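Work through the exercises below with the sequence and the model open. Try each task before reading its solution.

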Amino acid sequence: MAAVPETRTPTRPVDFSLFYFAADSGESKGKDLYRLLLEGARFADTHGFRAVWVPERHFHAFGGAYPNPSVLAGAVAASTDRVEIRAGSVVLPLQDPLRVAEEWAVVDNLSDGRVSLSFASGWQPDDFVLAPDGYTTRKESLWDGIEVVRRLWAGKSVSRRNGVGSDIDVWTLPRPVQAELPVWATAAGSDETFRRAGATGANLLTHLLGQNVQELTRKIGIYRAARAAAGHDEGVVTLMLHTFVHPDAEIVREAVREPFKAYLRSSIDLMRGLARGLGLDPVRDREVIVDHAFERYSSTSALFGTPQSCADLVRAVAGAGVDEIACLIDFGVPDDLVLDALGNIEAVKQAMKDAHARPSRTPTEVITRYGVTHLQCTPAFARLLLLDRDGQPPAVSTLRTLLVGGDASPPELTSRLCDSGIGDVLNMYGPTETCVWSAVQRLEPDRYDRATVGGALPNTTLYVLDAQLRPVPVGVPGELYIGGDGVGRGYWNRPALTAERFLPDPLTDRPGSRMYATGDVVRPLGGGRFEFLGRADHQVKVRGFRIEFGEIETVLDGHPALANCTVVARPDRNGDTALVAFAVPREGMAYDEAGIRAHARGQLPDYMVPSRIVPVESLPLTLNGKVDRGALVRMADEVKGGGTATHLAPRNQIEHALQQIWQALLEREGVGVHENFFEIGGHSLLAARMHSHITTAGLGRIELVDLFTFPTIAGLAAHISAGGENADEKLSAGVESRASRQKAAFRQRQRRRQGS
């Protein structure tokens, strides 16, 4: 298969479906006429394929076994549980939309809501013996008919004349399971069809016969521009490709040659453009055109080849904007060979899924790949960006503006960001309650090395008030309040909290004006700048997320082995916030940090799980009997931690080097080689730092996703020692076991044919 250049980087994984067209009308198959359909559908259902497509064709050997797709779709529905069931396509100008809505509502019920329909205008004049008056108006009536089917599906009526000449309103039954019918429009290549499909909000079904990848890219652009102009989302583009995948390219070519040429003969109208380009007559020179078309389309417009070569074409069409490959498998290759080869399509599908799941190695690679010029992030992510940029030339990043917010920026990070070479680094401040951002100014340390906040946005006012809501003088700490047009209306169904946080604004004469109490304690410095000092309550920001200690404490207190606990925050060595829980074990209960951590992970998001859970005999108290959080913060600063009871020391140089990196990042000693990084305080941002440290240390080139796949020192060291597994080798491993058996089966069939 010839390589096809990729036009853009796909932003989501490509789905795979099975598509049927029935090259054999049935005379030679007898009772096995629908075996390939049903067995293939069951395979698709159990192997993660998106859909099974059934066509509508009439009065022709090609497709003649599918005169009514809803009947066959009902059989697929009864044989499957998960895979979507789609018509590809209902020739709507041949049908009464009432019958279409009725029949497919039955299938929707049989399948528990798995029906989708692609509609086509039809192109074979002989098909229109079923509706002779519909041929000349078929292209326009298609779109009117789609809207009628949509209306009926949604439970609305249409007006029709009955047998005695009376106009009545008609509703269809049974009611479908899905409230809205997923609709595709079938486009053979006309720009206008692509545009009209987009404007009407339909998904798109197309093919590569009569158009190449570059032309398809342009037409998908027309389609998506029309969708956007009409207020729709991107939609789904499905590309039908003739498919036969096998590890042996020789078997592929011999298996598909005659069946595919026969298909091309039946679709000669789709190749008139090719005939014109060759200066040939489509009728007189049909065989010359078919031979040329086979050589062209089999190498660039079909999934004919090995899993590796087919993956190249999938990547190319994904780059063109295709979201789903509909694999047309029943175009004449023997059923047994097709069924045996379905696993090879699965290999291509899995390869594409793996490729999409494997992220770019670093933030800088993502920024550079997509040409990002403006980035908004938390200080924790900005630190990752700097870590990634270390040792790299300035041109590695396209960033011109960096907006940092969601948490306080430590002085050391502020200085590094200012020296990073990024054009503008801005410090953003504001809570969700006031439309997220309320103030912005350049991020730069003042003469006392403080990173300040300030620079109120237009129509926004920042106040620093005391407990009596009076403004404090410069240099005196107080709570920061925000007033102006950005202040929200309150918390949904929480009137008490709304009354506590959203207060009448005493410093403005605008009737009804309110201000929001942020809970942030700041010191006004003059000139609209403020130094952030901390919180007036028990909230804290962790990796940009605002959390309440009490929520974490409630979950931990629910563990049967704990009598009491308190959570505090402390800065780690990078200046980021880390959570430490001090837990009092219940008398007579064994303390198991791993079990308590698992309990917390089951009820809390990752960023709210403490990095350490430290057992103590009792919690320190103040003179008035309250928990002394200040003392716990000082205790947290001294927590380094050790290994678990199942600790196993490193056994080789790679494990030892990894242990040093883990211990430094986790700030704990004696990490065992079988301890899970994410169960002893690790999280996604620390994993990204670890990836950078491993790369810098020269231990090996690994992907960030490998740290999630191999979360222990022992597992990661073994992966590094093996050098990782080559993607092509992984792909081949899944299919090599079938190659010899399939090759022998094919050649045996060839001998039988020659002897008959």
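**Exercise 1: a sheet**

In this predicted model, 4 strands make up an open sheet with mixed pairing, in the order β12-β13-β14-β15. Find which strands stand at the edges and what that leaves without a neighbour.

Solution. Begin with the ends of the order: β12 (374-377) and β15 (439-442) are the edge strands. Each has a single partner strand, so one side of each lacks a neighbour in the sheet. From one strand to the next, the twist averages 20 degrees.

Next, take the pair at one end. Strand β14 (residues 424-429) is joined to β15 by 4 bridges, and the two run antiparallel. Within this pair, Leu426 lies opposite Arg442 of β15.

**Exercise 2: the loop between β14 and β15**

State what phi is for Cys435 and for Val436, and decide how exposed each residue is.

Solution. Start with the background: most residues other than glycine have a negative phi. Cys435, in the loop between β14 and β15, has a positive phi near 65 degrees. Val436 is found in the loop between β14 and β15 as well, and its phi is positive too, near 75 degrees.

Now apply the cut-off of over 50% for exposed. Cys435 has 58% relative accessibility, so Cys435 counts as exposed. Val436 has a relative accessible area of 37% and is therefore partly exposed.

**Exercise 3: cis peptide bonds**

Locate the cis bonds that lead to Ser89 and to Pro174.

Solution. The bond from Gly88 to Ser89 is cis, with omega near 20 degrees; Ser89 sits in strand β3 (residues 84-91). The bond from Leu173 to Pro174 is cis, with omega near 0 degrees; Pro174 sits in the loop between β6 (167-170) and β7 (183-186).

Note on methods:
Residues numbered from 1 in each chain as written. Predicted model: local features only at pLDDT ≥ 70, side-chain atom pairs only at ≥ 80, totals over all residues. Heavy atoms only, no water. Pairing = 2+ DSSP bridges. Axes fitted to C-alpha atoms, helices over the stretch in contact; angles between N-to-C directions. Buried < 20%, exposed > 50% of the residue type's maximum accessible area, 1.4 Å probe, protein only.
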